[in-house]
Amino acid sequence: MEKAIKLIKNRSDIGAGTRGSDMGIDAIEIAAINQNSDYFNQFEFEDVKTHNESIYDKNRSTSAKRIEHVVEQCTRVCNAVKKNLKDNFFPIVLSGDHSSALGTISGIKAVYPEQTLGVIWIDAHADLHSPYTSPSGNIHGMPLSAAIADDNLICQNNEVPPETKDLWEDMKNIGHPGAKILAENLVYFGVRDTEEAEDKQIEKLKIRNYRVAEIRYRGLEKCVTEALSKLSHCDRLYISFDVDSMDCDMISYGTGTPVPKGFDQCEIIAIINQIIESKKVVCIEFVEVNPLLDTKGNKMAETAFEVLEAITSTLILPVE
């Protein structure tokens, strides 16, 4: 790989319903230290300013909690990703909650506005809600709806106040006006915990979801090859890895929304590494490590670091 790696540390958890993922990056760094790894001394890094104190503010919107601050945070992430891509770095974004992905995608699109971006979303959740459909109002369940600029109004069950509507429109237009990706250029791996509104979107938009059972039955390499073929027309790829895509019983409950029957870390490493070998990946993001919820010490962060170290080695080593 010709580009140098840059670590972008975004310690924000304001898009989540449970506090603690803002500590995930430090937990991963502690895992590295405990394994006598100098990983975090090997690469340049950038800390993104956060607005975590906003959790003490009274929520003005129940359909999109703290949206004014999430818009601000996603804009900061967008600007960091944009700047580092322009400076010829390969950004590895380490974030708290998954709302940050909208900022990351927006930053990539801002640098490559005329190119087609494909997204590989490795997650237990579809994150396809909008303020109009979300049962919780937590924006970490909405980044892809913003990225594809589809509010799924046919499934609307929330009354959204004008101020929230305006801020949601601002969110959809961060970095580059309008949709950042087409739904046909989005591929899920491991999504298994969805609501009806998301299921209807996935069906309507024909979004491909490679479930854990399918991958184990058909073969991981075959499924990833198929996914890459589906995205072969895309100029650039972004990988978003939510640790809740892994099995909470087997790995750890150290994430805000744990779901059983997920991947193990070896499968995650194999999926990401095979996608990296396409040579189209321009950014990778890790999200939702929450050490406050970990009942096994720092197990989730340790596992996330195992994945991080393994895929970084693939990024660094030239692909034959």
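At 65% relative accessibility, K206 counts as exposed. That is a handy place to start a walk through this model, which is a predicted one. K206 sits in the loop that links α7 (196-205) to β6 (208-210). Its backbone has a quirk too: phi of K206 is near 55°, a positive value in a residue other than glycine.

You'll find a similar story at N36. This residue belongs to the loop between α1 (24-34) and α2 (39-42), and although N36 is not a glycine, its phi is positive, at about 55°. Is N36 buried or exposed? With a relative accessibility of 74%, N36 is exposed, because the cut-off for that word is over 50%.

Now for some residues that are tucked away. M142 is in a loop as well, the one between β4 (117-122) and α5 (143-148). Here the relative accessibility is 0%, so M142 counts as buried. Who surrounds it? Setting aside residues up to four places away in sequence, M142 touches S63, A64, D127, H129, S130, P131, S134, G137 and W168. L128 is worth a look too: M142 and L128 are 14 residues apart in sequence, while their C-alpha atoms are 5.3 Å apart in space.

K9 is another one to click on. It has its place in strand β1 (residues 4-10). Is K9 buried or exposed? The relative accessible area of K9 is 6%, and since buried means under 20%, K9 is buried. Not counting residues up to four places away in sequence, K9 touches I25, E29, F40, F45, E46, D47, V48 and L94. For a sense of scale, try picking out K9 and L153: they are 144 residues apart along the chain and 34 Å apart in space, C-alpha to C-alpha.

Next, the nonpolar interior. In soluble globular proteins, nonpolar side chains tend to be buried together. In this model the largest nonpolar core has 52 residues, and F189, I272 and I284 are the ones with the most contacts inside it. Helix α11 (residues 299-316) gives the most to this core, with 8 residues. A second, separate core has 47 residues, among them V48, V93, A126 and V282.

Stay with F189 for a moment. Which residues is F189 in contact with, once its neighbours within four places in sequence are left aside? The answer is I120, W121, I122, D123, N209, Y210, I215, V224, A227, F263 and I271.

That leaves the helices and how they pack. Two packed helices are described by the angle between their axes and the distance between the axes. Take helix α10 (residues 265-276) and α11 as the opening pair. Their axes are 9 Å apart and they pack at an angle of about 25°. That makes α10 roughly parallel to α11, and the crossing of the two is right-handed. From α10, the contact draws on Q265, I268, I269, I272, N273 and I276, and from α11 on T303, E306, V307, A310, I311, T314 and L315. Sorted by class, the residues of this contact divide into 8 nonpolar, 4 polar and 1 charged. I272 is a name you have met already, as one of the residues with the most contacts inside the largest core.

Helix α3 (residues 67-86) is worth following through two pairings. With helix α4 (residues 100-111), the axes come within 7 Å and cross at roughly 40°. α3 and α4 are therefore oblique to each other, and their crossing is right-handed. On the α3 side you can find C74, V77, C78, V81, K82, L85 and K86, which meet S100, L102, G103, T104, S106, G107, I108, A110 and V111 in α4. This contact has 9 nonpolar, 5 polar and 2 charged residues.

The other pairing is with helix α6 (residues 162-172). α3 and α6 pack at an angle of about 10°, with their axes 10 Å apart. That makes α3 roughly parallel to α6, and α3 passes α6 in a left-handed crossing. I67, E68, V70, V71 and C74 in α3 meet T164, L167, W168, D170 and M171 in α6. The class count for this contact is 7 nonpolar, 1 polar and 2 charged. Two residues here link back to earlier stops: C74 in α3 also takes part in the contact with α4, and W168 is among the residues that M142 touches.

Key. Residues are numbered from 1 along each chain as its sequence is written. This is a predicted model: local features need pLDDT of at least 70, side-chain atom pairs count only at pLDDT 80 or more; totals for chains, interfaces and linings use all residues. Side-chain values use heavy atoms; hydrogens and water are left out. A nonpolar core is a set of buried Ala, Val, Leu, Ile, Met, Phe, Trp, Tyr and Cys residues joined through side-chain atoms within 4.5 Å. Buried means under 20% relative accessible area, exposed over 50%, partly exposed in between (1.4 Å probe, protein chains only). Helices (H or I, at least four residues) and strands (E, at least two) are DSSP runs, numbered from the N terminus. Contact means heavy atoms within 4.5 Å. Axes are lines fitted to C-alpha atoms, for helices over the stretch in contact, and angles run from 0 to 180 degrees between N-to-C directions. Angles under 35 degrees count as roughly parallel, over 145 as roughly antiparallel, 65 to 115 as roughly perpendicular and the rest as oblique. A crossing is left-handed if the near helix is turned anticlockwise from the far one by less than a right angle, and right-handed if clockwise. Ala, Val, Leu, Ile, Met, Phe, Trp, Tyr, Cys and Pro count as nonpolar, Asp, Glu, Lys and Arg as charged, and the others, Gly among them, as polar.
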